[in-house]
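Let's take a walk through a protein model, going from the overall fold down to single pairs of side chains. Keep the picture open while you read.

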Amino acid sequence: MARFSVSGAATAGFGVIVRAPLAVLAWGLVMLVTLIGPMMGLMWMLIPQFIEIFKAVPDPASTSSPATDPAMFARMMQLQTSMMGLNAISLVGGTAIKAVVAGAVFRAVLQPDQKRWAYLRLGKSELWLALVTLVQTVLFMMAYFAVLIIGFILGMIVYMAGSAAGDGGKLVAGLLIGLVILAAIGVLLWGVLRLSMAGPMSFAEGKFLLFESWTFTRGQSGRLLGMAVLLALILMALELVVYAVVGVAVFGSWSGIAAMVETLRDQPPQAWLHAFWKIAAIGAVVLSFLAAFAMALICAPWAKAYQELAASGAKAS
C-alpha cells in the first residue's frame with residue numbers, strides 16, 4: 001500500500017529553508033514587491049478615510065445618528081466601495097502571487113535541481129496551480145455554507161423536539177447538536193484532506209487535476225490528518241516565538257510610541273501617516289519575509305507527501 005512519512009512530510013519545509021535560504025529570501029522579496037507592499041500602500045491610502053469617519057461620528061449624547069447624516073453615509077459608502085475594490089485586488093493578485101511562490105516551494109521539493117531564479121517561474125504549472133487553488137477555495141466555501149445551513153436546520157429540529165420533552169430532552173438535544181457540529185467539521189476536514197493533493201498533482205503534471213486527488217489519497221486520510229496536525233503544532237510554536245519577539249520589541253519602544261501618539265492626537269490624518277510610515281514600511285518588509293518562510297513551511301509538506309505517495313505506487317485514476 002502506498003504510504004508516506006508523516007513526520008518527514010510535516011517537517012519538509014525546514015529542509016527547503018536549510019537547503020535554499022537565499023531562495024526563501026528571494027520569495028519574500030517577490031511577495032514584498034508584488035503583493036504585500038502594494039496592498040499595504042493601498043490600505044495606507046484608505047487610512048485617512050477611516051480617520052475622517054471616526055472624527056465625524058457624533059457625540060454619544062447627541063440626538064443625531066450617523067445613519068441619518070447624509071455626509072457620514074456618503075463617507076461610509078465611499079469607504080465600502082474602496083474596501084470592495086481592495087478585496088478584489090487582494091483575491092486575484094494574492095492567488096496569482098501565492099501560486100508562483102507555492103510553485104517555487106513545490107519545485108524545490110519535487111525538482112530540486114531546477115535552482116535558477118530561486119526556483120521561481122511563471123508557466124503553465126503555476127497557472128494550473130493558481131486555478132486549482134481558486135476552485136478549491138470556491139468549493140470549500142460552497143461546502144461550508146451548505147453544511148452550515150443543513151446543520152442549522154437539523155439543529156433546530158432536534159432542539160424543538162428536545163424542548164417538547166422537557167429539561168431532559170433539552171439536555172439530550174444539546175448533546176445531539178454538539179455531535180452534529182463535530183460531524184460537520186469532520187466531514188469538511190475529510191473532504192479537504194481528500195482533495196489536498198490537487199495542488200501538487202496539478203503542478204507536477206502541468207494540467208488541471210482536482211477530483212483525481214480523491215482517488216490518489218484513498219486510504220491516506222489518517223496519515224494526512226496526522227501530518228496536518230503536526231504541521232499545525234509546529235506553526236503554533238513558531239507563531240508564539242514570533243509573538244514573543246514582537247512583544248518584546250513593542251514593550252521596549254512603547255514609551256516612544258505613546259509619546260508620538262499623544263503629540264498627534266489633534267493632528268490631521270496626513271500627520272499620522274507621515275509619522276508612522278517608517279514603522280509601516282518596516283512592518284511590510286518583516287511581514288513579507290515571514291510570509292515567505294511560512295509558505296515554505298506550509299506548502300512543502302504537501303509536495304513531499306505527494307512525492308512519496310507517487311513514488312510508492314499511488315495512482316490518480
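What follows is a tour of a predicted model, starting with the overall layout.

**The overall layout**

How many helices and strands does the protein chain have? There are 11 helices and zero strands, so reading along the sequence you just meet α-α-α-α-α-α-α-α-α-α-α, which rests on how helices and strands are assigned. The chain has 317 residues, and 32% of them are buried.

**A helix with two sides**

Take helix H2, residues 12-19. Its buried residues are Ala12, Gly13, Val16 and Ile17. Looking down the axis of H2, you'd find these buried residues within an arc of 145 degrees, so they line one face of the helix. On the face turned away from that buried side sit the exposed residues Val18 and Arg19. Here's a handy bit of background: an α-helix has 3.6 residues a turn, so residues three or four places apart point the same way.

**A helix that is mostly tucked in**

Now hop over to helix H7, residues 198-205. Six of its eight residues are buried, so H7 is largely enclosed by the rest of the structure. Which ones are they? The buried residues of H7 are Ala198, Gly199, Pro200, Met201, Ser202 and Phe203. After H7 comes Gly206, which has a positive phi, near 65 degrees.

**Opposite charges that pair up**

Side chains of opposite charge can pair when their charged atoms come close. Searching the whole structure turns up two salt bridges, and here they are side by side:

| Salt bridge | Closest N and O atoms |
|---|---|
| Arg107 and Glu126 | 2.8 Å |
| Lys207 and Glu205 | 4.0 Å |

Let's look at the Arg107 and Glu126 pair. Arg107 lies in helix H4 (residues 70-110) and Glu126 in helix H5 (residues 124-164), so the salt bridge ties together parts that are 19 residues apart in sequence. Are these two partners buried or exposed? Arg107 is buried, with a relative accessible area of 6%, and Glu126 is buried too, at 2%.

The other pair has another kind of setting. Lys207 is partly exposed, with a relative accessible area of 42%, and Glu205 is partly exposed as well, at 39%.

**Rings that meet**

A pair of aromatic rings is described by the distance of the centres and the angle of the planes. The count for this model comes to six aromatic pairs. One of them is formed by Phe106 and Phe203, which meet edge-to-face, with 5.7 Å from centre to centre and 65 degrees between the planes. Phe106 belongs to H4 and Phe203 to H7, so this pair ties together parts that are 97 residues apart in sequence. Both Phe106 and Phe203 are buried.

Phe140 and Tyr144 make a stacked pair, at 6.3 Å centre to centre with 25 degrees between the planes. Both lie in helix H5, four residues apart, which is about one turn of the helix. Phe140 is partly exposed, with a relative accessible area of 36%, and Tyr144 is partly exposed, also with 36%. Add Phe145 to Phe140 and Tyr144 and you have one aromatic cluster.

Rings can also have a charge for company. Arg223 lies over the face of Phe4, 5.7 Å from the ring centre.

**The largest pocket**

Next, look for an open space. The largest pocket has a volume of about 1400 Å³. It is lined by 41 residues, and the closest to its centre are Thr133, Leu134, Gln136, Thr137 and Ile298. Which elements give two or more residues to this lining? They are helix H3 (21-56), H4, H5, helix H6 (167-194), H7 and helix H11 (269-311). H5 gives the largest share of the lining, nine residues.

**One last stop**

Finish at Thr217, in the loop between helix H8 (212-216) and helix H9 (221-252). Is Thr217 buried or exposed? Thr217 has 0% relative accessibility, so it counts as buried. Thr217 is 24 residues from Leu193 in sequence, while in space the two are 8.1 Å apart, C-alpha to C-alpha.

Technical notes: Residues are numbered from 1 along each chain as its sequence is written. This is a predicted model: local features need pLDDT of at least 70, side-chain atom pairs count only at pLDDT 80 or more; totals for chains, interfaces and linings use all residues. Side-chain values use heavy atoms; hydrogens and water are left out. A salt bridge is a side-chain nitrogen of Lys or Arg within 4 Å of a carboxyl oxygen of Asp or Glu. Buried means under 20% relative accessible area, exposed over 50%, partly exposed in between (1.4 Å probe, protein chains only). Rings of Phe, Tyr and Trp (its six-membered ring) pair if their centres lie within 6.5 Å; planes under 30 degrees apart count as stacked, over 60 as edge-to-face and the rest as tilted. A charge sits over a ring if NZ of Lys or CZ of Arg is within 6 Å of the ring centre and within 35 degrees of the ring normal. The arc is that of the directions from the helix axis to the C-beta atoms. On a 1 Å grid over the protein atoms alone, a cavity is a set of points where a 1.4 Å probe fits but cannot get out, and a pocket is an open set with protein on both sides within 12 Å along at least five of seven lines; lining residues have an atom within 4 Å of a point. Grid points are joined across faces, edges and corners, and a volume is the space filled by probe spheres set on the points.
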